[in-house]
Amino acid sequence: METSVGSNTGYILDKTAKYEFTVENDGKITYPATTKTKNDLGDGATYIHVVNELPTIKKEVQKKGEDGVWQEQADYSVGDIVKYKVTFYVPANINELTTFVIEDTPTNLIPVVDDAHPISIVGADSTDLSDKYTPDTSGGKLKINFKTDDTINAHSGQNYTLTYYAKVN
C-alpha cells in the first residue's frame with residue numbers, strides 16, 4: 001500500500017481514501033464496483049482513479065512605486081523593501097493533515113517583519129487568518145506554519161492571499 005508520495009512533489013496524499021483491487025494469479029486485476037476507474041486511452045487497460053491534491057500557489061511582486069500593481073518580476077535596488085503577494089489554496093482535506101506549511105526562500109532578499117511591514121493572510125471573503133499560523137523568518141526565508149486544527153478546518157477549499165515584505169540584500 002502506498003503511504004507516501006515521495007519527496008518534493010507538492011502533492012498531498014489522502015491517507016483516508018481506499019483504492020481496493022486484487023491482482024489475480026493470472027495477472028488480471030479485479031476491483032469492487034465502488035472503485036472509481038477509467039479507460040481514456042482505449043488500450044483495454046483499466047486505470048484506478050486516485051485523487052491527491054496539489055495545492056496551487058502563485059507568487060507576485062508589487063511593481064516599484066505602484067501600490068496594488070502586481071507582476072511576476074520587478075526592478076528593485078539593494079536596500080529596497082519589496083512587497084510580495086502569494087495566493088494559495090487551503091486544501092479541502094486540511095483536517096486530515098498534521099502539517100500545512102507555506103515556505104518561501106527568496107534569492108538575495110531577507111524577509112522583514114515589523115510594525116511597518118506586517119505579514120497578512122486574508123481570504124477572498126476578507127477572512128483574516130492572522131491567529132491561525134506562526135511565522136518564522138529564520139535562515140533568510142519566510143515560513144508560515146498553519147495550525148492544523150479546527151481553527152483552519154473551516155477554511156478548507158478556499159483561496160487566501162499572503163502578503164509580506166523582504167529587503168533586497
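**Overall architecture and core packing of the predicted model**

Of the 169 residues in the chain, 26% are buried. The structure described here is a predicted model. Its secondary structure consists of one helix and 13 strands. In sequence order, these elements follow the pattern β-β-β-β-β-β-β-β-β-β-β-β-α-β. Among contacts in the chain with a separation of 6 or more, 63% are between residues 24 or more positions apart. The chain has an accessible surface of about 11,000 Å², and carbon and sulfur atoms contribute 47% of this area.

The largest nonpolar core contains 24 residues. Within this core, the residues that touch the most other members are Phe88, Ile121, Ile144, Phe146, Leu162 and Tyr164. Two or more core residues are supplied by each of β7 (81-89), β8 (100-104), β12 (142-146) and β13 (159-168). The most is given by β13, which provides five residues. The surroundings of one core residue, Ile144, can be described in detail. When residues up to four places away in sequence are not counted, Ile144 touches Phe100, Val101, Ile102, Ile119, Ile121, Tyr133, Thr134, Pro135 and Leu162.

Two of the residues in contact with Ile144, namely Ile121 and Leu162, also take part in strand pairing. Ile121 has Leu162 as its bridge partner in β13. The strands concerned, β10 and β13, run antiparallel and are joined by four bridges. Strand β10 comprises residues 120-123 and has two faces that differ in cover. Ile121 and Gly123 form the covered face, whereas Ser120 and Val122 form the uncovered one. In a regular strand, side chains alternate between the two faces of the sheet.

Aromatic residues were examined next. Six aromatic pairs are found in a search of the whole structure. In one of them, the ring centres of Tyr84 and Tyr164 are 5.4 Å apart and the ring planes lie at 20 degrees, so the pair is stacked. Because Tyr84 belongs to strand β7 and Tyr164 to strand β13, this pair ties together parts that are 80 residues apart in sequence. Both Tyr84 and Tyr164 are buried. The aromatic pair formed by Phe88 and Phe100 is tilted, with 6.4 Å from centre to centre and 50 degrees between the planes. Phe88 is located in strand β7 and Phe100 in strand β8, so the pair ties together parts that are 12 residues apart in sequence. Phe88 and Phe100 are likewise buried. Ring pairs also join Phe88 and Phe100 with Tyr133, Phe146 and Tyr160 in a cluster.

The ring of Tyr84 has a further partner in Lys59, which lies over the face of this ring at 4.4 Å from the ring centre. Tyr84 is also in contact with Glu60, a residue whose other contacts include Trp70, Gln71, Lys83 and Lys85, with neighbours within four places in sequence left aside. Glu60 is part of strand β5, which spans residues 57-62. With a relative accessibility of 12%, Glu60 counts as buried.

Contacts with Tyr84 are also made by Thr163, a residue of strand β13. Apart from residues up to four places away in sequence, Thr163 touches Lys83, Tyr84, Lys85, Pro118, Ile119 and Ser120. Its relative accessibility is 16%, and Thr163 therefore counts as buried, the cut-off being under 20%.

Two loop residues were noted for their backbone geometry. Most residues other than glycine have a negative phi. Asn108, by contrast, has a positive phi, near 60 degrees. This residue is found in the loop between β8 and β9, the latter comprising residues 109-112. Asn108 is exposed, its relative accessible area being 55%. Ser126 is not a glycine either, yet its phi is positive at about 70 degrees. The loop that holds Ser126 lies between β10 and β11, the latter comprising residues 133-136. With a relative accessibility of 58%, Ser126 counts as exposed.

Key:
Residues numbered from 1 in each chain as written. Heavy atoms only, no water. Core = buried A, V, L, I, M, F, W, Y, C linked by side-chain atoms within 4.5 Å. Buried < 20%, exposed > 50% of the residue type's maximum accessible area, 1.4 Å probe, protein only. Contact = heavy atoms within 4.5 Å. Phe/Tyr/Trp six-rings, centres within 6.5 Å; stacked < 30°, edge-to-face > 60°. Lys NZ or Arg CZ within 6 Å of the ring centre and 35° of its normal. Areas by Shrake-Rupley, 256 points an atom, 1.4 Å probe, with all protein chains shown as cover. Pairing = 2+ DSSP bridges.
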